[in-house]
Amino acid sequence: MEYTRLGKTGIEVSEVCFGTWRFGKESSGVVETTREEAHDLLDAAEEHGINFIDTANTYGGGDSERWIGEWLDERDREDYVIASKVYWSNESRFSANLSPKNVRAEIEGTLDRLGTDYVDLYYIHRFDDGTDVERTLATLNDLVREGKVRALGASSMAAWKLTKALWKADARDLQPFDVTQPMFHAARDETIDEYLDLCADQDLAVCPYSPLAGGLLTGKYERAPDGEVIAPDDSRGSLFEEFGEYYASSRAWDVLAEIEAVASDLDATPAQVALRWLIEQREFQCIPIVGARTPDQLAENAGAAAISLSDAQYERIADARQA
Ligand SMILES: NC(=O)c1ccc[n+]([C@@H]2O[C@H](COP(=O)([O-])OP(=O)(O)OC[C@H]3O[C@@H](n4cnc5c(N)ncnc54)[C@H](OP(=O)(O)O)[C@@H]3O)[C@@H](O)[C@H]2O)c1
């Protein structure tokens, strides 16, 4: 595994981050990743040198943070970089908005479940239109000052809202967002480009989620003649009805074909090439958050740190995305 400094934060992270969204998540009556499997996956991440772990207050109703906390308890906390998130929807009274009161309540819950007194990176999961962003930023700034949070991040939102938050933080001399977390993968459409241009311009580190388009870019799905997705048993595509709509655009199949061709040239797997293409982004630092449901998948994905793309291979995939 290779390590790098996460943008302006100075925090040293592995080139690949491990995402724990599926810990404790129930889909179509199946718990996608159980507690025991979660601990095995964290062991595998450790074995492959991944020190950067992504979670959120809402994942698995808190089980993701809880299970990471149990696992961390037997380790040196300082060896790991833990990112969590605040605010999702109205699942609970406290995750419902980014008011100072709720942010305070949520960080305490997160620290308690993780069994730690700080998180390395704290994202706002979405922009909250109902709370003045200055009030949220002032609270987040206090959390950094108090040592509960080391750095701040922002996940999916319109580029203009992220710009507004950066501008407000600058104008009020508050801690800015240094890291972002958009959905970005080699087959993502151009609606994300303005957000990424902003990240490049403002020197924000990008940690994209769904870097394999939910698994589509591994090449394990097939396209039926009618355009439907043929999903392997027990895959996300078989458990999540909207998988095709979400990830399998016609662009995605075209990009996958180029990724498969490059993988065959490199004697690597499509998943490794898709992830490597992200790590090698030219305009901004990019550290993909890989999801995995088995230690074998995680081992394969961690292998993205050990390959490299030629300029022609990189461009071939970039061109397919733009086509
Ligand atoms: N900020 C946000 O709003 C947000 C949203 C979503 C996710 N996230 C974060 O990003 C992380 C990753 O997102 P994601 O799970 O959508 O990422 P992804 O890497 O695009 O998809 C991961 C899924 O693909 C399949 N897969 C992964 N590697 C594979 C391999 N080598 N071979 C075969 N199948 C493989 C697995 O699903 P199956 O085995 O089930 O098919 C796995 O659960 C999450 O865990 C979370 O931390 C953040």
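**View 1. Helix H10, wrapped up from end to end.** Pro 270, Ala 271, Gln 272, Val 273, Ala 274, Leu 275, Arg 276, Trp 277, Leu 278 and Ile 279 are the buried residues of H10. Keep in mind that this is a predicted model. For a helix spanning residues 270-279, that comes to 10 buried residues out of 10. Who does the covering? Helix H9 (250-266), strand E14, helix H11 and helix H12 (311-322) are among the elements lying over the buried residues of H10.

**View 2. The largest nonpolar core.** Here we zoom in on a core of 92 residues. The residues with the most contacts inside this core are Val 16, Tyr 122, Leu 216, Leu 217, Ile 259 and Ala 274. H10 turns up again, giving the most to the core with 7 residues. Ala 274, one of the well-connected residues, is also one of the buried residues of H10.

**View 3. Val 16 and its contacts.** Leaving aside residues up to four places away in sequence, Val 16 touches Ile 50, Leu 275, Ile 287, Pro 288, Val 290, Asn 301, Ala 302, Ala 304 and Ala 305. Several of these sit in elements shown in the other panels: Leu 275 is one of the buried residues of H10, while E14 covers 289-290 and H11 covers 295-302.

**View 4. The shell around the ligand.** Count 29 residues around the ligand, with Gly 19, Trp 21, Tyr 209, Gly 215 and Gly 291 the closest. Sorted by class, the shell has 14 polar, 9 nonpolar and 6 charged residues. Strand E14 and helix H11 each supply at least two shell residues, and the largest share, 3 residues, is from H11. Both E14 and H11 also help cover the buried residues of H10.

**View 5. Strand E10 between its two partners.** E10, residues 177-181, is mostly covered, with 5 of its 5 residues buried. With E9 (residues 149-155), E10 runs parallel, and 4 bridges join the pair. E10 also pairs with E11 (residues 205-206), again in the parallel sense, over 2 bridges. Look for Thr 180: this residue is the bridge partner of Ala 154 and stands opposite Val 206 in E11.

**View 6. Crossovers on either side of E10.** Which way do the connections turn? E9, helix H5 (residues 159-171) and E10 form a right-handed β-α-β unit. From E10 the chain then passes through helix H6 (residues 193-201) to E11, in a β-α-β crossover that is right-handed too.

Definitions and conventions. Residues numbered from 1 in each chain as written. Predicted model: local features only at pLDDT ≥ 70, side-chain atom pairs only at ≥ 80, totals over all residues. Near = placed C-beta within 6 Å. Nonpolar A, V, L, I, M, F, W, Y, C, P; charged D, E, K, R; others polar. Buried ≥ 20, exposed ≤ 12 C-beta atoms within 10 Å, placed from the backbone. Contact = placed C-beta atoms within 7 Å. Core = buried A, V, L, I, M, F, W, Y, C linked by C-beta atoms within 7 Å. Pairing = 2+ DSSP bridges. Right-handed = clockwise from strand over helix to strand, strands pointing away.
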